[in-house]
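Here is a short briefing on one protein model. Look at the structure first, then work through the points below.

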Amino acid sequence: MKPIVSVSALRKCYGRPGNETTALDGVSFQVMQGEFLGIMGSSGSGKSTLLNCIATVIRPTAGTVTVDGEDLAALRGGALARYRGRKIGYLFQSFELLDNLTGEENILLPLSLSGAREGESRSRLERLTEYLEIGDVLDKFPAQMSGGQRQRVAAARALILSPALVLADEPTGALDSRNARLLLEKLSGLNRTEGATILMVTHDAAAASYCGRILFLRDGQLVHELRRDVPREGQEDFYGRIVQVTAQLGGGSCCVL
């Protein structure tokens with residue numbers, strides 16, 4: 001496996017010199033191709049700032065982020081637009097679907113922004129629709145869908161162009177436990193069967209237990225790493241280890257699997 005993402009000595013400060021708040025303080029790690037990696041930490045630990053640096057929503061104060069061989073700091077204009085439109089898919093906690101578009105129109109929206117061939121993406125739409133079980137809502141507007149359906153439509157939109165990296169920011173935060181579990185099972189399945197590379201930020205130990213590896217942030221620094229012992233370790237056992245680490249570090253939340 002090769003790294004899709006390389007983060008080196010990443011630092012992000014807010015405010016003016018002399019009155020700065022450090023959100024990230026020298027973070028370094030790699031995400032391997034086909035990996036399902038979780039980032040955990042309590043509120044204010046820097047996990048959302050880290051995700052936004054990779055998404056190019058914000059620029060780091062220092063350090064480098066390389067995605068699929070491209071240094072993000074060097075991207076400008078069309079190259080930056082291509083990165084945002086083709087290289088990454090973003091799955092938000094609040095869905096971010098357009099209310100005046102149907103489910104299908106929301107999913108296919110990246111087509112018009114990227115210039116991808118419609119025939120190829122139509123074929124992928126059919127596969128994602130079947131796998132994510134959203135065929136009955138493709139002609140509905142977001143207001144006519146349940147929260148779980150909206151998030152699965154959003155997941156299809158994030159995956160429609162087969163991006164090198166899917167960034168998931170607390171994707172189960174607005175879902176009940178049943179729909180959260182269903183979404184995570186679908187994401188985990190896509191990771192296994194299609195090799196989707198997923199980087200998920202979460203504070204929830206149950207959600208994190210679907211990952212293969214977890215990095216723990218505290219006060220803007222990486223303080224611990226946890227790997228699933230595959231194939232011997234079941235999800236419940238991995239969940240137990242996550243809960244232990246979370247309790248030791250202070251922060252995060254736990255719920256019944």
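In this predicted model, the largest nonpolar core holds 46 residues. Ile107, Ile134, Ile214 and Ile242 touch the most other members of that core. Another core, of 30 residues, lies apart from it. Its members include Val7, Tyr83, Ile88 and Leu167. In soluble globular proteins, nonpolar side chains tend to be buried together.

**Around isoleucine 107**
- Set aside the neighbours within four places in sequence, and isoleucine 107 is in contact with Leu125, Ile134, Leu138 and Val153.
- Ala156, Arg157 and Ile160 are also among the contacts of isoleucine 107.

**Threonine 246**
- Helix H8 covers residues 235-249, and threonine 246 is found in it.
- Is threonine 246 buried or exposed? Its relative accessibility is 7%, so threonine 246 counts as buried; the cut-off for buried is under 20%.
- The side chain of threonine 246 reaches a backbone oxygen at 2.8 Å. That oxygen belongs to isoleucine 242.
- Isoleucine 242 is also one of the residues that touch the most other members of the largest core.

**The whole protein**
- The protein has eight helices and ten strands.
- How many of the 257 residues count as buried? The share is 49%.
- Take the contacts between residues at least 6 apart in sequence: 70% of them join residues at least 24 apart.
- The radius of gyration is 18 Å, which agrees with the value near 18 Å for a compact globule of 257 residues.
- The C-alpha trace spans about 50 × 45 × 35 Å along its principal axes.
- About 12,200 Å² is exposed, and carbon and sulfur atoms supply 47% of that area.

Key:
Residues numbered from 1 in each chain as written. Predicted model: local features only at pLDDT ≥ 70, side-chain atom pairs only at ≥ 80, totals over all residues. Heavy atoms only, no water. Helix = DSSP H or I, 4+ residues; strand = E, 2+ residues; numbered from the N terminus. Buried < 20%, exposed > 50% of the residue type's maximum accessible area, 1.4 Å probe, protein only. Polar contact = N/O pair within 3.5 Å; in protein donor to acceptor, adjacent residues only side chain to side chain. Core = buried A, V, L, I, M, F, W, Y, C linked by side-chain atoms within 4.5 Å. Contact = heavy atoms within 4.5 Å. Rg over C-alpha atoms; globule rule 2.2 N^0.38 Å. Areas by Shrake-Rupley, 256 points an atom, 1.4 Å probe, with all protein chains shown as cover.
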